[in-house]
Amino acid sequence: MAMEMRLPVARKPLSERLGRDTKKHLVVPGDTITTDTGFMRGHGTYMGEEKLIASVAGSVERVNKLICVKALKTRYIGEVGDIVVGRITEVQQKRWKVETNSRLDSVLLLSSMNLPGGELRRRSAEDELAMRGFLQEGDLISAEVQAVFSDGAVSLHTRSLKYGKLGQGVLVQVSPSLVKRQKTHFHDLPCGASVILGNNGFIWIYPTPEHKEEEAGGFIANLEPVSLADREVISRLRNCIISLVTQRMMLYDTSILYCYEASLPHQVLSPGPLPSSLICELLCCLFRDNMHISPILSQHPSV
Amino acid sequence: MAGLELLSDQGYRVDGRRAGELRKIQARMGVFAQADGSAYIEQGNTKALAVVYGPHEIRGSRARALPDRALVNCQYSSATFSTGERKRRPHGDRKSCEMGLQLRQTFEAAILTQLHPRSQIDIYVQADGGTYAACVNAATLAVLDAGIPMRDFVCACSAGFVDGTALADLSHVEEAAGGPQLALALLPASGQIALLEMDARLHEDHLERVLEAAAQAARDVHTLLDRVVRQHVREASILLGD
């Protein structure tokens, strides 16, 4: 009777197998980047003894006279116009505090929040007292960044009907540097689920709603039971996203879809345990081969 | 301890090392996915695991927020099975609190806290038969992994003095023998000292030599950690693509 056995052996780093090398200038804190005083210093650097020294571990980026070091992994740094998914942590007097994986909690002002039915009127004292009825601690919302304060805190708004409180679905938290900037972050995937790729690294997977006309801004919580087929699709998508993240690949709708298609031959055991690292590598190797076949899609226009 | 000489006539220590040699160091970054930064280091038989969360909004009392700097919060705990006798309280006892305070002093000197006002950085270290040096080295790697800006690496090493020779990187046997022990945390590029601590008594004539031995050992640790970080950054950079 033949048996298959795998002995433990140290895995070779993936970069060796890919056979690539990086052309970027990599630095660690304490490294001197340049002694030329003509350069302006950007993020990730500091001036010490007439030299420009790096303060984070990452790659050096130079734009004309500006030198900055981009760290491998940082918290989310807000920019106006980004879509974020966040969780309410506090209900304060005229605003909510939202946790968005950034250095300070973000702020959602009552006046930046949509009223039910999309009414436009001045917020009164009754609205203030009813704040907890709209959003409580622990609720998830999708919003857009309106402004960035001087200390880095971000101000959100849900002025469009497509933003608002999120209903049933699955949240995946990844590093913000892995989410690709695109024209739209709300995607309806053909496999039967929809996904919101927040710029702050929070990804929300939910079943595609059948009736698209009633965009109520999320005030009506849809608590109907989700079918088993939809739930399997959502679990599979979550595992695909986690596989892509462990292999440090950028997340956008096409990459998630390709990974999903590559994973169809494998069975979904249960939504709980993470996929094994071997499957992660297998999927991403298949995916990279796919990317070679379709070079046009890999040059996604980023706006 | 009769029959156990810490330094033999030929210049070998109990575990076969020379006076200035370090124990074998292995380190890895990015050990936990759910934390912002994490690292694991093994220095001989001592194993330390460090986890960093932050910078994030200050939880708990809002009054502790500093308007111009970030708050660095360190907690040290040791495994109950790590010492000779099983410890019943893994954290909260006096030694752990003191170690936590020392780590906080060290990292407040190295992290550029002015860049993140009103936020908090948490460093949790767990060590096995732990000494201060392994904790600091692990925490440095974890802070680097989290992308928090630092002036430089913080490399630490211990040193002792036996029979007129300065020994670098003490093992548990040498520490238990009861001689003077010096713990040094250094920022290698500029040579600045972040923390210097000593227990027991040492004649000031010998201080210079012991300090130099500790500094040289810390620089050797820096070479190793530097290599680990560069390898990690290169690996991640290749995977992300150009």
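Cys74(B) is buried, with a relative accessible area of 11%, where buried stands for under 20% relative accessible area, exposed for over 50% and partly exposed for values in between (1.4 Å probe, protein chains only). Cys97(B) is in no disulfide, and the nearest cysteine sulfur, belonging to Cys74(B), is 12 Å away; a disulfide is taken here as a pair of cysteine sulfur atoms within 2.5 Å. At 44% relative accessibility, Cys97(B) is partly exposed. By this rule, the count over all chains is 0 disulfides. Cys74(B) is likewise in no disulfide, its nearest cysteine sulfur being that of Cys135(B), 10 Å away.

The model is predicted, so that local features need pLDDT of at least 70 and side-chain atom pairs count only at pLDDT 80 or more, while totals for chains, interfaces and linings use all residues. Residues are numbered from 1 along each chain as its sequence is written, chains are lettered from A and ligands numbered from 1 in the order in which they are written, and side-chain values use heavy atoms, with hydrogens and water left out.

In chain A, residues 169–209 are covered by the annotation "domain: K Homology", which comes from an unreviewed UniProt entry; such annotations may be inferred rather than shown by experiment. The end C-alpha atoms of this span lie 11 Å apart, and the span is 0% helix and 44% strand, helices (H or I, at least four residues) and strands (E, at least two) being DSSP runs numbered from the N terminus.

Strand E16 of chain A (residues 193–197) is largely enclosed by the rest of the structure, because 5 of its 5 residues are buried. Ala193(A), Val195(A) and Leu197(A) are buried on one side of E16(A), and Ser194(A) and Ile196(A) are buried on the other, which leaves both faces covered.

Strand E15 of chain A (residues 186–188) runs antiparallel to E16(A) and is joined to it by 3 bridges, where two strands pair if DSSP finds at least two bridges between them. Within this pairing, His187(A) has Val195(A) as its bridge partner in E16(A). The two strands form a hairpin with 4 residues between them, and Gly192(A) in the turn has a positive phi of about 115 degrees. Strand E17 of chain A (residues 202–207) is also antiparallel to E16(A), with 5 bridges joining the two, and Ile203(A) in E17(A) is the bridge partner of Leu197(A). The hairpin of E16(A) and E17(A) has 4 residues between the strands, and in it Gly201(A) takes a positive phi near 95 degrees.
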